[in-house]
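Grab a pencil and let's work through a few exercises together. Each one has a task and then a solution in steps.

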Amino acid sequence: MIELPKTVRIGGFIYDVIYPHVFIEDFDYTGSCSYYAQELKISGVGNSVERSDYSIVSTFLHELVHAIDYVYCGNCLEERSVEKLETLLFSIIRSNPLLFSEDTPKRVDILGNRYEVLYPHVFEDAEGNLSIIDMSRGVIMIKDSIDSIVVKKPIITVALLFSIFCSGEIKNILGDGEEYPFTSKKLKSFCNGLYQVIIDNNIEELFRKLSD
Ligand SMILES: [Zn+2]
């Protein structure tokens with residue numbers, strides 16, 4: 001059974017990770033997240049059989065999404081959206097092992113579709129934007145400075161995440177229009193939270209263990 005961190009840092013908070021946890025009354029639960037108790041509980045068994053490492057890491061991601069939502073987005077996500085984000089994030093992190101590295105990746109895979117990352121990119125007229133995704137050309141363009149200020153690498157990674165979440169591939173699954181769970185500002189907060197949680201808790205290392 002895969003090892004999970006004993007604690008995780010979410011913003012300024014340290015959550016305990018109780019794992020493997022045995023849910024008694026809610027025996028069909030695979031995980032839970034409590035902002036008030038500052039703990040994530042993850043079960044090691046489902047339907048009386050030991051769960052696969054994949055499904056344990058997937059549940060862990062699910063509970064991290066809840067925690068990020070609480071801390072960074074004011075609890076704006078419905079359960080259905082958290083379930084979809086769990087699946088989407090699992091796929092994105094798994095197929096893009098360099099996404100959070102210092103060197104901005106040259107391309108990213110969004111649910112099986114390849115996008116070229118043009119960085120540093122000089123926009124003709126998109127003044128205010130740090131990054132833009134052009135689905136028709138299959139490119140994500142990111143600038144390296146804004147108002148003559150050089151943009152630091154972590155912010156470039158957050159901008160890349162933001163563009164990935166603005167792709168049609170992701171929007172089709174998370175839902176369009178009314179159903180799309182994020183306003184642009186909430187999505188920025190979510191991407192900031194996601195960056196912090198993945199970096200501070202070495203989440204990519206867990207995914208590397210899955211690949212072995
Ligand atoms: Zn949930």
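The exercises below look at a pair of helices and then at a sheet, all in a predicted model.

**Exercise 1. Work out how helices α1 and α5 are oriented to each other.**

Step 1: Two packed helices are described by the angle between their axes and the distance between the axes.

Step 2: Find the two helices: α1 covers residues 53-73 and α5 covers residues 184-200. Their axes come within 9 Å and cross at roughly 125°.

Step 3: Now classify the angle. Angles from 65 to 115 degrees count as roughly perpendicular and those over 145 as roughly antiparallel, with oblique for the rest outside the named ranges. The two helices are therefore oblique to each other.

Step 4: Add the handedness: the crossing of α1 past α5 is right-handed.

**Exercise 2. Find which residues of α1 and α5 meet, and sort them by class.**

Step 1: On the α1 side, look for Leu64, Ile68, Val71, Tyr72 and Cys73.

Step 2: On the α5 side, they meet Lys186, Ser189, Phe190, Asn192, Gly193, Leu194 and Val197.

Step 3: Sorted by class, this contact has 8 nonpolar, 3 polar and 1 charged residues.

**Exercise 3. Lay out the open sheet of 4 strands and find its edges.**

Step 1: Write down the order, β7-β8-β10-β9, and note that the pairing is mixed.

Step 2: Check the ends of that order. β7 (107-110) and β9 (131-134) each have a single partner strand, so one side of each has no neighbour in the sheet.

Step 3: Going from one strand to the next, the twist averages 25°.

**Exercise 4. Follow strand β8 to its partners β7 and β10.**

Step 1: Start with β7. It is joined to β8 (residues 113-118) by 4 bridges, and the two run antiparallel. Here arginine 107 stands opposite glutamate 116 in β8.

Step 2: Look at the hairpin of β7 and β8, with 2 residues between the strands. Leucine 111 takes a positive phi near 50° there.

Step 3: Turn to β10, which runs parallel to β8 and is joined to it by 3 bridges. Leucine 118 has methionine 141 in β10 as its bridge partner.

How values were computed. Residues are numbered from 1 along each chain as its sequence is written. This is a predicted model: local features need pLDDT of at least 70, side-chain atom pairs count only at pLDDT 80 or more; totals for chains, interfaces and linings use all residues. Axes are lines fitted to C-alpha atoms, for helices over the stretch in contact, and angles run from 0 to 180 degrees between N-to-C directions. Angles under 35 degrees count as roughly parallel, over 145 as roughly antiparallel, 65 to 115 as roughly perpendicular and the rest as oblique. A crossing is left-handed if the near helix is turned anticlockwise from the far one by less than a right angle, and right-handed if clockwise. Two residues are in contact if their C-beta atoms, placed from the backbone, lie within 7 Å. Ala, Val, Leu, Ile, Met, Phe, Trp, Tyr, Cys and Pro count as nonpolar, Asp, Glu, Lys and Arg as charged, and the others, Gly among them, as polar. Two strands pair if DSSP finds at least two bridges between them.
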